[in-house]
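Reader: I am new to reading protein structures. Could you take me through this one, a step at a time?

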Amino acid sequence: MSGLPESLTPATKKICRTMTDTTIFKARKIITMDPNCPEATHVAVRDGRILAVGDERCADGVGNVRVDERLSGAVLLPGFVEGHAHLMAGGLWDYTYVGYHDRTDPDGQHWPGLTTIEQVIEGLSQQAQKLEPGAPLIAWGFDPIFLSEERLSRHHLDRVGTDRPILVFFSNLHLMCVNGPALGMAGYDSDSRVEGVVKDADGQPTGELQEMAAMFPLMRRLGVDFRHLAQRESAIRAYGRMAVRAGVTTMTDLFSTLSDDDLAVMLQITAGSDYPLRIVPVLGAAGGQAEELAARAKALAAQSSDKLRLGAVKLLTDGSIQGWTARVKWPGYVGGQPNGLWNLAPDQIFELCEVMQREGIQMHVHTNGDEASEVAIEAIEAAARKHPWPGHRHVLQHCQMMGTDQFTRCAELGIAANIFANHIWYFGDQHAALTIGEDRARRMDGCRAALDAGVRIAIHSDAPVTPLGPLFTAWCAVNRQTMSGRTLGAAQRITTLEALYAITMGAAYTLKLDGEIGSIETGKRADFAVLGEDPTAVDPKSLKDVPVLGTVSGGEVHLT
Amino acid sequence: MTDTRLPLTVIGGYLGAGKTTLINRVLSATHGRRLMVLVNDFGAINIDADLLESAEEDTLTLTNGCVCCTMGGDLFMAMADVLDRNPRPDHLLIEASGVADPQKIANAALAEPDMRYGGIVTVVDGRNFSTLTQDSLIGPQVRGQIACADLLYVSKTDGQEAAPALQAINPEAVLADPPTAPIETLLQEFGQTFEARGKPASHPAYTHWTGGGVRMFGRDRLAKLLQQRPDGLVRVKGFVRGDDGIGWLVQVVGRDIDLSRTAQPDKTQLVAIGPSARVNREDCDSWWNEKAPDVQPDALCHPSATDTKFREMDT
């Protein structure tokens, strides 16, 4: 307040500051998610928090207010909460996107999906022209599961160029395809003895490299480091820009390694008033040492700030269904594939659950297959019998194959479910045809079953696995439409309002932040999603097309 | 003539099998080698205070030249950091997590030109492994850890009882009997290069053998011969004369037969080691001196992909 006369006492200064710091945002409509005042047109904001909600007179009597008309044509909802995403979603945009589906990068550039190998070659060629001679071309997002033609090979990539190494990550990041010069960098030829170096009928490498061991020599030589993809400043900034475009104001990083250096960087970036996102990094249980993990989680919790919320932990139990690494109950995979892999042994899951429960540390537990969710539920139940803690709010993440029986147990035990609704669109057809078959695919990602069983739910994108976009995620849960256009499991659909609740209050609940965010309600953070249309008024089939104009984060307006 | 690649040995085994106990012994042993050990966490690492030079958040430095690091969230990126260390360690040991497939880690040594395969050692708790291997949830992964091993080490019992069941899962692996054979001796041997020390470490539990002669070999013939070596000869290393005037650097660890080119030696210099219970020198001599001429030089002349034949990947 440098403009104030120097004669004013500090006390008067404070009053003046407060009075002039109240802003009323006027909107076409405000959908609050607060049942006491479901709709409004004005919201008053002071010090980054909601002072009042209602009509133009909602802030009468608080003194001078400034009316901000910038959002007057927009529809406001509580800022969306993405309860399951990864910071790498920001970092990957340092590389060229060549996926099958359309995506928009953090700066708003639209990247149309590439649906044939020829289009991939064309897209890479355009990108190569922008690079220095000899500079490596690195791409991501390629997914052969959607391409019925031949396999991508070095010969395709050699057509893009043989004057530079070219490396194309598949969308799951477990595979890549590279060109001839890149094969040469790793010394891969017909003599290579590595399992993951795929060879053709003549014994020559095809360019496809499977799993980390085979990809490692190239990543090392081209400086691709998954740790930095998730932790460098550019990735954290890009994460914030992505959030604004998706209407998201709070987002997790749901398997964080969080070294002291990483933490310092994140604290510094998120502390800036220009940074538009509250991040909830969740510490990954990598080694499985329960006591050490608990101590680290507690030390992190003590360093939380408004925009960086620390203290929860993530357990990774099984793999993925489409990778046939999820642990599934009988009758298993329809193609007869062997059951999946545990990333933590059931014994470790029980031990971790017991120690976290004892220490009062909230857990997010990755469970894709129904055998994994069963083990997780049993481990939490066993822990709860030893160390009662009614408010634990542990969350099962993905919950893809859970039926009513498991959801009922979750409700009994106070376990929340963050359901991977986006899978219905992206992989629903594959699940019905290839992984678990029609019967179990129909009940996949069963939001209806969970709600009817009394479970608190959120729904998520798992970005970068599928694109960040809570309105799209809500559309998936409401329509359950697959890529082929069919409705998969109509009985599991939920209403638009239920879905909007899941991406606001529901997700806030899973992060134990429902007292601060998730609704537009006096006392909460002034976090809003700024939309171009009313999502409750459009045809539910168009929910995903409601335009996102930006966000308000702690009272700061960020428009795209 | 030197092999500058970093040997990688993976120590696998289910939770509580005794991996850390083995690592503690290897780290503390007097061997004159700069070992680098990557572990999941320091939880059970127990280094004698006299041997500890410095301890940081993620690195323990020992006075004997060994270093022990936690791998953090990403094993492969940690491996890249080790390769970038100057000077590079003599031998990298990685403790696989209790559910990890050790083969997937060891494959990095087959892929990375700056590394060399130094074997998979799977530690098995002799008391509970038969229950574990039949467990409906974790059994397949535990069996997988046993099936990919070059060396099986039974902890907590004398190993006799477990031997038949282990051999049923993995007939090719060498079984180390802990009461008689200090496994750390053998494990260090996996990392040694010919240059660093010609003769294997001496211990009565192990039989050493040396091979010589001036015969010359092509790749296929030499690989085939090494594949037919006497059972139990778990480590073979040295130089062999090539039939094209270029020499062969031989590195055999368990099932992996690694042949690379080097200057033509004047004569063959091979050294090998295996448990005395399984190996005797006469068998080795007769294998090397008598069987070799029986190998048909042209029997295996498919130049592409031949090497993969000599390594049976885990299933």
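Author: Gladly. One caution comes before the numbers: this is a predicted model. Let us begin where the two chains meet.

Reader: How many salt bridges are counted between chain B and chain A?
Author: Side chains of opposite charge can pair when their charged atoms come close. A salt bridge needs a Lys or Arg nitrogen within 4 Å of an Asp or Glu oxygen. Between chain B and chain A, the count is 8.

Reader: Take B:Glu112. Which residue does B:Glu112 form a salt bridge with?
Author: The cut-off for such a pair is 4 Å. Here the closest N and O atoms are 2.7 Å apart. The partner sits on the other chain: A:Arg221.

Reader: Which element gives the most to the side of chain B that touches chain A?
Author: Several elements of chain B each supply at least two residues to that side. They are α2 (75-84), α3 (102-111), β14 (256-262) and α10 (306-309). The top contributor gives 8 residues, and it is α2(B).

Reader: How do the residues on that side of chain B divide into nonpolar, polar and charged?
Author: In total, 45 residues of chain B are in contact with 41 residues of chain A. The chain B side divides into 21 nonpolar, 10 polar and 14 charged.

Reader: What area do chain B and chain A bury between them?
Author: The size of an interface is often given as the accessible area lost when the parts come together. Carbon and sulfur atoms hold 56% of the area here. The total is about 3,300 Å².

Reader: Now chain A alone. What radius of gyration does chain A have?
Author: Chain A has 560 residues. Its secondary structure comes to 18 helices and 24 strands. A compact globule with that many residues would have a radius near 24 Å. Chain A agrees with this, at 25 Å.

Reader: What share of the residues of chain A count as buried?
Author: The C-alpha trace of chain A spans about 85 × 60 × 50 Å along its principal axes. Buried means under 20% relative accessible area. Of the 560 residues, the share that passes is 59%.

Reader: Among contacts in chain A between residues at least 6 apart in sequence, what share join residues at least 24 apart?
Author: These contacts bring together residues that are separated along the chain. The share is 71%.

Reader: A:Arg151 and A:Glu208 meet in a salt bridge. Which of the two is buried?
Author: The N to O distance in this pair is 2.8 Å. A:Arg151 lies in the loop between β10 (137-142) and α4 (154-160), and A:Glu208 lies in strand β14 (residues 205-210), 57 residues away in sequence. A:Arg151 counts as partly exposed, because its relative accessibility is 46%. With 3%, the buried partner is A:Glu208.

Reader: A:Glu354 and A:Lys386 also pair. How many residues apart in sequence are they?
Author: This salt bridge has an N to O distance of 3.1 Å. A:Glu354 lies in helix α11 (residues 346-359) and A:Lys386 in helix α12 (residues 370-386), so the pair ties together parts whose separation in sequence is 32 residues.

Reader: Is A:Lys386 buried or exposed?
Author: Exposed means over 50% relative accessible area. A:Glu354 has 26%, so it is partly exposed. A:Lys386 has 53%, so it counts as exposed.

Reader: Where does A:Arg309 lie, and is A:Arg309 buried or exposed?
Author: A:Arg309 is in the loop between α10 (290-301) and β17 (313-316) of chain A. Its relative accessible area is 15%. The cut-off is 20%. Therefore A:Arg309 is buried.

Reader: Which side chain does the side chain of A:Arg309 make a polar contact with?
Author: The side chain of A:Arg309 reaches the backbone oxygen of A:Ser305 at 3.0 Å. Residues that A:Arg309 touches include A:Arg278, A:Leu513 and A:Arg525. The side-chain polar contact is at 2.7 Å, and the partner is A:Glu516.

Reader: Back to chain B. How many of the residues of helix α1 are buried?
Author: Helix α1 of chain B covers residues 19-28 and is mostly covered. Among its buried residues are B:Leu22, B:Ile23, B:Val26 and B:Leu27. The count is 7 of 10.

Notes
Residues are numbered from 1 along each chain as its sequence is written. Chains are lettered from A and ligands numbered from 1 in the order in which they are written. This is a predicted model: local features need pLDDT of at least 70, side-chain atom pairs count only at pLDDT 80 or more; totals for chains, interfaces and linings use all residues. Side-chain values use heavy atoms; hydrogens and water are left out. Contact means heavy atoms within 4.5 Å. Buried area is the accessible area (1.4 Å probe) that two parts lose on being put together, summed over both. A salt bridge is a side-chain nitrogen of Lys or Arg within 4 Å of a carboxyl oxygen of Asp or Glu. Helices (H or I, at least four residues) and strands (E, at least two) are DSSP runs, numbered from the N terminus. Ala, Val, Leu, Ile, Met, Phe, Trp, Tyr, Cys and Pro count as nonpolar, Asp, Glu, Lys and Arg as charged, and the others, Gly among them, as polar. The radius of gyration is taken over C-alpha atoms; the globule rule is 2.2 Å times the number of residues to the power 0.38. Buried means under 20% relative accessible area, exposed over 50%, partly exposed in between (1.4 Å probe, protein chains only). A polar contact is a pair of N or O atoms within 3.5 Å; within protein, one must be able to donate a hydrogen and the other to accept it, and residues adjacent in sequence count only if both atoms are side-chain atoms. Lists of a residue's contacts leave out its neighbours within four places in sequence.
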